[in-house]
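Trainee: Please take a close look at one loop of this model, and then set it in context with the helices and strands elsewhere in the chain. I should like the backbone, the accessibility and the pairing to be treated together.

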Amino acid sequence: MLKHYLKMTFRDIWRNKKFSAINILGLAIGMAAFILIFLWLLNMLTFDRFHKNADQIMVICSRDKYIDGVYAWRKTPKILGGTLKHDYRQVEEMTRFANNQYLLTFGDKKLTANGSFVDPGFLQMFDFPLLKGDPKQALSQKDRIVITEKFAKSLFGDEDAMGKVIKVDTSTYVTVSGVMKDLPANTMFDFNYLLSWEYLKKDRLADENWSNSSVYTFVQLRNGYSNIDFDREIENISADHTKDSANPLTVRLFTQPLKRFYLYSDSQNGQFTTGRIVLVQLFAIVAIFILVIAAINFMNLSTARSEKRAREVGLKKAIGTSRYILIIQFLVESLLMSFIAFFVAISITLVVLPFYSDLVHVQLSIPFNSSYFWIAVVVFILLTGLLAGSYPAFYLSSFKPIAVLSGSFKPPRSRLSLRSVLVVLQFTFTTVLIISTIIVEREINYAQGRSAGYDQNSLVFTHFTGKTEKNYQLIKDQLLNTGAVLSVTKSLSPVTESSGNIWGVSWPGSSRIDLKTIFARYSTDADFVKTMKVRLLEGRDIDSYSFPLDSSAILLNESAKKAIGIKNVIGLKVNEGGRDWHVVGVISDFVIGSPYEKIAPMIIEGPFSSFNAIHYRLNPVRSVAENLDKIGSVFKKLNPDFPFEYQFADESFNLKFRGMQGMEKLAFVFAGLSIFISCLGLLGLITFVGEVRLKEISIHKVLGATTVKVFYLLTFDLFKLILVSFIFAIPFALYIKHIILQKFTYSIGFSFWWFLFAVVLSLLLALLTICYQTLKTARTNPVKALKAE
């Protein structure tokens, strides 16, 4: 019987090539889009869930109440990890995690690479297998290093890396004690090598300051202990250890399960309740929307052929075929077309997957070797086939043989047919996707068009490495002498990177509540205003060379002055961290963090603070290449052991938009696919409507109807349904808008014109899709259709 059904289905497909091609192509594109989104979301949903101890691993988080709300963050003091391991029986294993960047040298090969400091427990807690070396001993000493397989290849070529001695920066040597399998794509960790936490202490980077939250702390709880009970015990650790200090902390600690770390990264009211999970939910909805749109196409095109298949159903029923058998036949047809569409979809996916991987910045692949994949494939084909074919099967099998064979059969027509509902639903989904794409695109453009508050053109920065800090004054003087730069300043971090926040700042007249005001922290030695080209609103710039007391001078930005609430702040004494500062100037606000958020109050401290970057403004009289050549020669001369590396401020700033631009491109692609699928279905629908109503149209033409009139008769009902879909799309679009815009505190808002643009675009595309076929039907010679009457 199944063989008979398959034979009948293939004959029907071959007999109706155009219909079958449209149906299979629409379904295949919908399936391909669903598969692509599913692969990406699967990667996100499985982040760091592959560790065997994942259920017991927690990251320690901090929470405190500030003047504008309760905030939570994941960094903790360096001293916390050892305290937890030593004092709490619930902790089986612990590791701290802090990123670093060093120049690693072996022979003539020099590579600057990103690595991390970790405790020895890292390799026991996390399942990053060592291809060579003992996980328990690999990081037990401060002069040991574990490197990834890929990095070992880059540094040693085909040589065995084990036991090789690597120079770190200029004077320290470490021995390779392990080679790690390259990190998978679905982990939040990103490093080329691991150094022991003891090395950090040796490098004088460790501190025991409970106020300095600067590293991640992970703990593995023993079996039988819950993180909820553990939270109650550790909540007041920071407060207890600082209760006798001049500025006791009110920070409360709590844990977040490792499995939630990647997806729930954004704090709301002191809890990590949102983050990338919103992206997962939105694109899961998009994937379902596109698949449903494709399935609706199948339903519409199948039921549109009702008059052509009515006689077949009538004859089969007349010779005794039951409705149950007919339903099985039509479902088999649907499942077969779903099967064919799936393999077309897989072919499409394999072709576009490399480009798609670049778009989402993750190397994705189809897991053909997984048995779970093939089980999922079978379920996917069955669900899609049943979803798309269930209504046509029950609808077509319901025809009465007497009505069909007597010639009196007409497909049921009502003011609200299911086909009309499906068309409305289809274009509602499509409109929502278009509007979502417009919202993301407008927000990105709005943020990109926002003034950064400083002049990014010709502004370059270089990170401190090797002897840069020691020879800074010589480097600055020689850079200015070359004429390649106009000004130089050093700072706590590059101007495009946030260097951390401070609180507990007080000033004359401030209250205890003011101590909870969060300030962004930055630093300079001199010529900050000149180099960055920010606007100086009051006072003067910091200049520690002309004014020796400027080692304790600070600049405030506009937002900081507003937060302090004093009209004349020049000369104001400010205390931070037990040190007294004095205000020498006020500058305009500038963007250092996310361009999608409001600018925070900022304090720029004098050279008492530490420095990590040099900024210099290029001389516009000379070419950029000539300037960089002269600058490079200075760095090579005064910091010879390190390669000269630099970054343009505008390029670094534009990287802030990379993630959202990727989302914009994804939204654009999938919105385009949904439009294409909808229009493909519309084309098939108008083709069959034209065939079914050909005699009616011919009679109208005989009676004098013009081509325009016939065009109106064929398309009016469809365009009416499309317009209705826009009305239904409004509440969905507003909800999506709310979800998207809550990610942006610096937002353009929502404009009705965006919705109108989506409406006009959909109508135009629909019109272009059906125009040719409709006009072709309208211009058909009526004699051909009526000659048999």
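Mentor: Helices (H or I) are DSSP runs of at least four residues, strands (E) are DSSP runs of at least two, and both are numbered from the N terminus. The model is predicted. With that settled, the loop to examine is the one between H12 and helix H13 (371-396), where His-361 is found.

The backbone of this residue deserves attention. Most residues other than glycine have a negative phi. His-361 is not a glycine, yet its phi is positive, near 60 degrees. As for accessibility, the buried class ends under 20% and the exposed class begins over 50%. His-361 has a relative accessibility of 43% and therefore counts as partly exposed.

The helix on one side of this loop, H12, spans residues 323-360 and packs with helix H2, residues 17-45: their axes come within 7 Å and cross at roughly 45 degrees. H2 and H12 are therefore oblique to each other, and their crossing is right-handed. The residues of this contact comprise 23 nonpolar and four polar ones, with no charged residue among them.

Two further residues provide context for the phi of His-361. Lys-533 is a residue other than glycine with a positive phi, about 60 degrees. Lys-533 is placed in the loop between helix H17 (528-532) and strand E19 (536-539). Its relative accessibility is 45%, so Lys-533 counts as partly exposed. Asn-269 belongs to a hairpin rather than to a loop between a helix and another element: E13 and E14 have two residues between them, and Asn-269 takes a positive phi near 55 degrees there. The strands of that hairpin, E13 (residues 266-268) and E14 (residues 271-274), run antiparallel and are joined by three bridges. Within this pairing, Asp-266 is opposite Thr-274 of E14.

A loop residue of another kind is Asn-471, which lies between strand E15 (459-463) and helix H16 (472-482). Asn-471 has a relative accessible area of 15% and is therefore buried. Its C-alpha atom is separated by 6.7 Å from that of Leu-638, although the two residues are 167 apart along the chain. A side-chain polar atom of Asn-471 also lies 2.8 Å from the backbone oxygen of Leu-638.

The elements around that contact can be followed outward. Helix H19 covers residues 624-638, and its axis comes within 10 Å of the axis of H16, with a crossing of roughly 150 degrees. H16 and H19 are therefore roughly antiparallel to each other, and the crossing is right-handed. Strand E15 belongs to an open sheet of four strands in the order E16-E24-E15-E25, with antiparallel pairing. Strand E16 (485-491) and strand E25 (647-648) are at the edges with a single partner strand each, so each has one side without a neighbour in the sheet. E15 and E25 run antiparallel and are joined by two bridges, with Val-460 opposite Phe-648 of E25.

For comparison with these loops, consider some strand residues. Strands of a sheet pair through backbone hydrogen bonds, either parallel or antiparallel. Strand E10 (residues 193-196) takes part in both kinds of pairing: three bridges join strand E5 (residues 109-118) to E10 in parallel, and three bridges join strand E7 (residues 144-148) to E10 in the antiparallel sense. Leu-194 of E10 is the bridge partner of Ser-116, and Val-146 also stands opposite Leu-194.

In a regular strand the side chains alternate between the two faces of the sheet. In E10, Tyr-193 and Leu-195 point one way while Leu-194 and Ser-196 point the other way, and all are buried. A further buried strand residue is Thr-217, found in strand E11 (residues 213-221). Its relative accessibility is 0%, which means that Thr-217 counts as buried. The C-alpha atoms of Thr-217 and Lys-75 are separated by 7.4 Å, and the two residues are 142 apart along the chain.

To return to the loop chosen at the outset, His-361 combines a positive phi near 60 degrees with a partly exposed position, in the loop between H12 and H13.

Conventions:
Residues numbered from 1 in each chain as written. Predicted model: local features only at pLDDT ≥ 70, side-chain atom pairs only at ≥ 80, totals over all residues. Heavy atoms only, no water. Axes fitted to C-alpha atoms, helices over the stretch in contact; angles between N-to-C directions. Parallel < 35°, antiparallel > 145°, perpendicular 65-115°, else oblique. Left-handed = near helix turned anticlockwise from the far one by under 90°. Nonpolar A, V, L, I, M, F, W, Y, C, P; charged D, E, K, R; others polar. Buried < 20%, exposed > 50% of the residue type's maximum accessible area, 1.4 Å probe, protein only. Polar contact = N/O pair within 3.5 Å; in protein donor to acceptor, adjacent residues only side chain to side chain. Pairing = 2+ DSSP bridges.
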